[in-house]
Amino acid sequence: MQQATAHTRLGRLAALLFPLVLAAPAHAHGINGHVHVTGWAIESLPEGPLQAFFAEPEVFDAALIGAAFPDSGYATDDPYGELAHWPPFTHALLEHLLAGEAPFATLEDRKVAAFLMGIAAHGLQDELFDSVFLHQVEHRDGQGQDEVDPGTDGFLWADGHLRFRPPLYLPGETLATVFDAQGHEVTVESMELGLRRVKFLVIDNIEALGPNLDAMYRPLLPWTAAHYLDPDVPGSLRAEIPATAAYLEAIWARLHREASPLVGYAWPAPPRRLRSVDASLVDAWVTVVFGAGAVVGSLNEERVAWVDEAGDPVPFELHHTRWSFSRPMANTRLVQLRPTRDLVPDHAYTVSVAEGVELVGGGRTEERWSYTFRTPCAPGVECAPPDAGAPDEGAAVDAGEAGGGADAGPGGEGAGPGGGGADAATSGDPGGAEASGGDGCQGVPVAPVMPWWPALLARRRRRRR
Ligand SMILES: [Zn+2]
């Protein structure tokens with residue numbers, strides 16, 4: 001599938017300013033968020049082959065810089081960045097690696113595979129953030145992507161959560177070959193230039209950008225600043241961690257030619273309840289997250305269902321990833337069910353996705369998936385606490401103690417939606433491995449603001465076909 005590039009205002013501005021290094025307000029965007037959510041997701045993986053795979057430091061770092069790669073195309077105004085965001089490219093790269101003789105034989109092979117997983121994680125995170133959390137930002141703060149993308153990187157810095165700074169690495173020849181097969185010619189030099197700009201201006205330079213970003217956007221985004229790491233809010237950076245981990249597991253399975261269930265995660269993730277019964281609020285939406293790209297047209301109301309305890313259908317609008325605009329031939333890594341009538345408090349609802357979903361790259365799913373969640377209690381009515389039994393409730397949980405439990409195992413009939421490591425998403429430090437309290441983080445606001453630094457940016461992409 002071919003996807004066109006469409007830069008936003010800031011993206012074009014960044015591309016314009018890069019070569020010139022003009023005086024401009026410092027902007028950055030969620031690239032550090034991508035790198036960190038990916039790193040935290042890897043750190044939250046349960047014990048097993050994938051966790052062991054990432055135990056090699058160079059492999060881990062390759063995934064982190066891979067998570068920065070898709071936005072590097074905006075830094076050179078090249079469409080490769082947009083292409084890299086979406087499942088067709090992920091699928092093509094994966095197939096290219098599988099066509100090799102031994103995808104994991106050498107360290108370089110393993111780094112390329114990790115880089116692929118980083119790219120894929122970035123694309124999924126953008127879909128989740130934009131299709132869920134961004135709606136909350138628009139509703140609560142009255143702001144949009146131009147503010148929240150750079151703003152959240154500033155908040156991550158100011159709140160002391162940034163600790164990953166992967167070295168530059170680019171499997172350029174492999175990427176160029178796959179882009180070419182996708183119908184887009186790009187040189188290794190162009191990709192290197194884009195990735196260098198992202199690495200040096202946004203990742204390595206965050207001490208300079210962070211204070212400015214935080215000062216600029218925190219006043220505009222008070223709700224976002226309070227909730228961008230809230231594990232209870234679907235699509236927040238912290239809530240993205242278990243969804244990303246589930247996606248990495250799914251790609252790992254595909255890299256080993258093993259089947260994986262279509263659904264990797266869902267919000268609400270039991271034992272959490274849906275946040276609201278009010279159909280007018282984003283809090284009443286249900287979002288089902290896939291571990292692979294699927295064709296929008298095959299995810300219609302006949303295949304996606306929502307029923308109450310009596311089995312009666314709940315009326316809802318079906319949406320897909322935000323930038324697909326639900327075009328039948330577009331692809332998506334999620335479906336979203338928005339009720340059109342208020343729900344019943346403290347009630348069990350079941351959402352299902354029938355078999356036959358068309359996958360990017362061909363083939364259809366053969367298994368039906370469903371899961372059940374509960375709505376919140378009515379105001380003033382006593383019932384079980386919303387998150388009763390949640391292993392992470394109200395406490396900083398170390399990633400090493402997380403995972404498994406009721407949420408283990410993505411997808412499957414009647415299964416909970418939690419992927420491995422779901423609980424790490426709720427620790428005091430988003431990644432859990434190194435607590436952000438005390439002296440654990442590097443984000444001390446000591447660096448001077450550099451107002452001349454070029455504007456940068458944009459994890460944004462708009463799909464047009
Ligand atoms: Zn992006």
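**Core and sheet of a predicted model**

Visitor: In this predicted model, how many bridges join β3 to strand β6?
Guide: Strand β6 covers residues 348–353 and runs antiparallel to β3. One facing pair is V307 opposite T350 in β6. The number of bridges joining β3 to β6 is four.

Visitor: Which strands stand at the edges of the open sheet?
Guide: The sheet has three strands in the order β3-β6-β7, with antiparallel pairing. A strand with a single partner has one side left without a neighbour in the sheet, so the edges are held by β3 (304–307) and β7 (369–374).

Visitor: What does the twist average from one strand to the next?
Guide: The value concerns the open sheet ordered β3-β6-β7. From one strand to the next, the twist averages 15 degrees.

Visitor: Which helix gives the most residues to the largest nonpolar core?
Guide: This core has 118 residues, and those with the most contacts inside it include L116, M117 and L248. The leading contribution is 16 residues, and it comes from helix α8 (residues 107–140).

Visitor: Where does this core lie with respect to domain 1 and domain 2?
Guide: Domain 1 comprises 2–237 + 393–457, and domain 2 comprises 270–374. Both give residues to the core, so it lies between them.

Visitor: Which residues is L248 in contact with, leaving aside its neighbours within four places in sequence?
Guide: L248 is among the core residues with the most contacts inside the core. With those sequence neighbours left aside, its contacts are A41, I42, L50, M117 and A121.

Visitor: What covers the buried residues of α12?
Guide: Helix α12 spans residues 206–217, and its buried residues include I206, L209, L213 and Y217. Their cover includes α2 (31–43), α9 (145–158) and α11 (188–203).

Note on methods:
Residues are numbered from 1 along each chain as its sequence is written. This is a predicted model: local features need pLDDT of at least 70, side-chain atom pairs count only at pLDDT 80 or more; totals for chains, interfaces and linings use all residues. A nonpolar core is a set of buried Ala, Val, Leu, Ile, Met, Phe, Trp, Tyr and Cys residues joined through C-beta atoms within 7 Å. A residue is buried if 20 or more other C-beta atoms lie within 10 Å of its own, exposed if 12 or fewer, and partly exposed in between; C-beta atoms are placed from the backbone. Helices (H or I, at least four residues) and strands (E, at least two) are DSSP runs, numbered from the N terminus. Domain bounds come from an automatic or database domain assignment. Two residues are in contact if their C-beta atoms, placed from the backbone, lie within 7 Å. Two strands pair if DSSP finds at least two bridges between them. Axes are lines fitted to C-alpha atoms, for helices over the stretch in contact, and angles run from 0 to 180 degrees between N-to-C directions.
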